[in-house]
Amino acid sequence: MGKDKNGSFGWLLGQSGERKGKFVLSVILAAVSTLCGIVPYYFIARIVKALLAGSTDKGAYITDCVIILVLWLGRSLFHALSTANSHLATFHTLAVIRKKALDKLAKMPLGDVISQPSGALKSTIVERIDSIETTLAHILPEFTTGIGAPIIILIYAFTISWKLGLAALITVPLGLVCYALMMFGYEENYGRTVRATKALNAVTTEYINGIEVIKVFGKAQSSYEKFAAAAKESAASFVDWMRKCNVYMTFAMCIMPATMLSVLPIGGIMAMRGTISNTDFITVIILTVGLIEPLIGVMSYSDDIAQMDTIVTEVRNIIDAPEMVRPEKLTKTIKGGDIVLDNVHFSYSDKEILHGISMTIHGGGFAAFVGPSGSGKSTVARLIASLWDVDSGSISLGGVDIKDIPFDEYNKRIAYVSQDNFLFDLTVRENIRLGDRTATDKEVEEAAKKCGCHDFIMGLENGYDTVVGTSGGHLSGGERQRISIARAMLKNADIVILDEATAYTDPENEAVIQRSVAKLVEGKTLIVIAHRLSTVKNADRLYVINDGNIAEQGTHDELLSKGGLYSSMWAAHISAKDGEEDV
Ligand SMILES: Nc1ncnc2c1ncn2[C@@H]1O[C@H](COP(=O)(O)OP(=O)(O)OP(=O)(O)O)[C@@H](O)[C@H]1O
């Protein structure tokens with residue numbers, strides 16, 4: 001996936017949008033710089049020629065020297081301007097690519113995002129994209145010079161003598177052979193370093209994320225061994241790779257003597273025979289030096305370009321990944337708020353989890369999903385929240401398949417509080433305000449009060465302006481849950497999904513939240529997943545999900561009277577509660 005016939009560089013240019021002009025300007029400036037770098041050789045040759053002819057014209061000598069100096073200054077100046085333009089266009093292009101990658105993550109099925117190894121996506125979008133900046137910024141100026149200069153010099157050499165031209169031309173096949181050798185097996189070699197770096201990233205991220213478990217279970221030593229092994233493989237793969245590159249770069253450096261080896265004898269014999277003048281011979285030797293330097297420059301970039309190719313393929317794998325397709329505009333009318341699941345099948349990877357779920361959750365109603373752990377309750381909720389697409393069957397809202405509703409249109413109707421209660425490393429206020437970016441401070445605080453979190457927030461060091469730490473790490477599980485609920489309530493969406501949203505909350509606060517949620521969701525559709533059955537016994541309809549099927553459905557009383565799975569779950573719940581009370 002991800003590659004087309006344009007290759008990675010063509011693709012990158014295609015992303016540069018309106019900054020493409022800056023890349024073009026960069027090529028023009030590099031061409032001017034190249035000319036400024038070559039023409040001085042002509043003047044140097046002219047000076048040598050004049051001196052050999054016994055000239056004493058100081059004026060002409062000084063003029064030539066000044067021209068040479070000005071041209072060399074011009075070469076540096078235009079080269080700097082060329083790379084500056086190229087850098088500007090590159091920064092813009094990489095920002096565009098990063099945004100596209102992040103946009104794509106939001107459109108990919110959730111599973112495709114979370115199934116990536118720890119830190120791999122972050123590493124690609126942040127570090128690896130960064131690492132191609134220098135190559136992309138220098139590729140056009142360097143290649144313009146690296147290819148342009150030899151062409152001009154070869155043409156000049158041919159105008160002096162075609163034999164000398166041919167002798168100098170030997171550089172090109174030598175360079176190509178060198179390039180081919182360097183690229184032979186490159187993907188495999190470089191691929192090994194990429195895999196090793198990713199593994200090292202993953203182990204390090206896992207170590208940091210799991211530091212609590214590592215400490216508690218005394219796994220520091222074994223985790224460290226895993227890290228040490230990954231670090232060792234990473235170092236070994238880089239050493240191997242550098243060894244290979246260095247061998248071919250050394251070979252590339254030999255092009256200069258090899259070219260001289262053909263130009264010197266051929267030119268020398270021709271000069272001795274008088275076929276060319278001594279000064280033409282000297283000119284060609286000087287030019288040959290100018291021919292090789294840019295070629296070696298280009299070759300030293302080949303390695304970076306191949307790396308860029310690998311990285312671009314990774315980025316394109318994200319940007320071109322299959323996404324959950326939704327239309328740009330809503331063309332159908334959503335009539336009412338009924339959510340209908342019709343024969344929904346769903347699998348994670350190849351394992352089918354839901355085996356034909358059908359249900360109708362009435363708009364404005366209160367539905368609850370209960371059932372054993374791992375039975376598929378959260379999966380149904382995630383599908384309703386449109387985090388994944390169903391494999392077959394359909395989910396509709398108000399008679400319209402949710403696949404026909406644009407993401408923005410659907411998302412604004414849904415508030416979903418998952419079990420994870422993820423908080424961003426922002427202030428408490430900013431975290432709650434994510435529910436409605438236009439909410440005033442007063443509205444944020446009102447929502448917090450209703451969800452039983454105002455008091456503990458006021459007790460924090462900086463109240464609502466306290467930063468909650470990465471993933472909300474400075475707060476307790478129950479506090480994180482209540483902030484997540486306040487955020488969802490502030491959104492004021494038509495459909496509210498609470499997946500074990502009060503599981504960590506103490507009974508007193510749970511009662512406060514339940515009363516507030518009941519008030520806040522009046523007229524809205526409420527879907528609750530709960531293991532504490534007492535929190536959902538008032539639901540209009542309870543769906544008992546067992547092993548990916550709806551085992552039973554009905555009101556609390558109807559289900560109790562059936563004497564099935566729900567009634568035994570209720571009995572277990574009551575005896576556990578009694579046990580708690582006894583304690
Ligand atoms: N991202 C995933 N990739 C693969 N399998 C998954 C994934 N998420 C859940 N599962 C599996 O799908 C099944 C249903 O999981 P789900 O979270 O829907 O159950 P649940 O009823 O909500 O469980 P719980 O009450 O413990 O939260 C489980 O067997 C679980 O292991």
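These legends go with a set of close-up views of a predicted model.

**View 1. Helices under the transmembrane annotation.** The unreviewed UniProt entry carries the annotation "transmembrane region" for residues 23–44, 59–78, 139–158, 164–186, 247–269 and 281–301. Two of these stretches, 23–44 and 59–78, get a closer look here. Residues 23–44 come out as 100% helix and 0% strand, with 32 Å between the end C-alpha atoms. Residues 59–78 are likewise 100% helix and 0% strand, and their end C-alpha atoms sit 28 Å apart.

**View 2. A six-stranded mixed sheet.** Here 6 strands make an open sheet, and reading across it gives the order β6-β7-β8-β3-β9-β10, with mixed pairing. The edges belong to β6 (414–417) and β10 (549–554), each of which pairs on one side only. Neighbouring strands in this sheet are turned by 15 degrees against each other on average, direction ignored. As a reminder, strands of a sheet pair through backbone hydrogen bonds, either parallel or antiparallel.

**View 3. Both senses of pairing, side by side on β9.** Strand β9 (residues 541–546) is a handy place to see what "mixed" looks like. Toward β3 the pairing is parallel, and 4 bridges join β3 to β9. To find that seam, look for Phe369, whose bridge partner in β9 is Tyr543. Toward β10 the sense is antiparallel, over 5 bridges. Two pairs to pick out there are Leu542 with Gly554 of β10 and Ile545 with Ile550 of β10. The β9 and β10 hairpin has 2 residues between its strands, and Asp547 takes a positive phi near 50 degrees.

**View 4. Helices against the six-stranded sheet.** Helix α14 (residues 377–384) lies across β3 (366–370), β6, β7 (495–499), β8 (525–529) and β9. Its direction runs at about 140 degrees to β3. Helix α19 (residues 477–491) packs on this sheet too, touching β6 and β7. The direction of α19 makes about 175 degrees with that of β6.

**View 5. A four-stranded antiparallel sheet.** Another open sheet is built from 4 strands in the order β2-β1-β4-β5, and its pairing is antiparallel. Its edge strands are β2 and β5 (400–401), and each pairs on one side only. Strand β1 has β2 and β4 as its neighbours in that order. Helix α14 turns up here as well, lying across β1, β2 and β4 and running at about 115 degrees to β1.

**View 6. The β1 and β2 hairpin.** Strand β1 (residues 339–348) and strand β2 (residues 351–361) run antiparallel and share 8 bridges. Follow the ladder from Leu341, opposite Met359 in β2, to Ser347, opposite Glu352 in β2. There are 2 residues between the strands of this hairpin, and Ser349 takes a positive phi near 50 degrees.

**View 7. The β1 and β4 seam.** Strand β4 (residues 392–397) is antiparallel to β1, and 5 bridges join the two. Among the pairs to look for, Asp342 has Ser394 of β4 as its bridge partner, while His345 has Ser392 of β4. In a regular strand the side chains alternate between the two faces of the sheet.

**View 8. The ligand and its shell.** There are 14 residues around the ligand, of which Ser373, Gly374, Lys377, Ser378 and Thr379 come nearest. Which helix gives the most to this shell? That would be α14, with 4 residues. So far α14 has appeared lying across strands of both sheets, and this view adds its place around the ligand.

**View 9. Polar atoms at the ligand.** This one zooms in on contacts made to ligand oxygen atoms. From Gly374, a backbone N or O atom lies 2.9 Å from an oxygen atom of the ligand. Lys377 brings a polar side-chain atom to 2.9 Å from a ligand oxygen atom. With Ser378, an N or O atom in the side chain is 2.8 Å from an oxygen atom of the ligand. Taken alone, the ligand exposes 630 Å², and the protein buries 67% of that.

Key: Residues are numbered from 1 along each chain as its sequence is written. This is a predicted model: local features need pLDDT of at least 70, side-chain atom pairs count only at pLDDT 80 or more; totals for chains, interfaces and linings use all residues. Side-chain values use heavy atoms; hydrogens and water are left out. UniProt positions are given in the numbering used here, feature names are shortened, and annotations may be inferred rather than shown by experiment. Two strands pair if DSSP finds at least two bridges between them. Axes are lines fitted to C-alpha atoms, for helices over the stretch in contact, and angles run from 0 to 180 degrees between N-to-C directions. Contact means heavy atoms within 4.5 Å. A residue is near a molecule or strand if one of its heavy atoms lies within 4 Å of it. A polar contact is a pair of N or O atoms within 3.5 Å; within protein, one must be able to donate a hydrogen and the other to accept it, and residues adjacent in sequence count only if both atoms are side-chain atoms. Accessible areas come from the Shrake-Rupley method with a 1.4 Å probe; for residues, only the protein chains shown count as cover.
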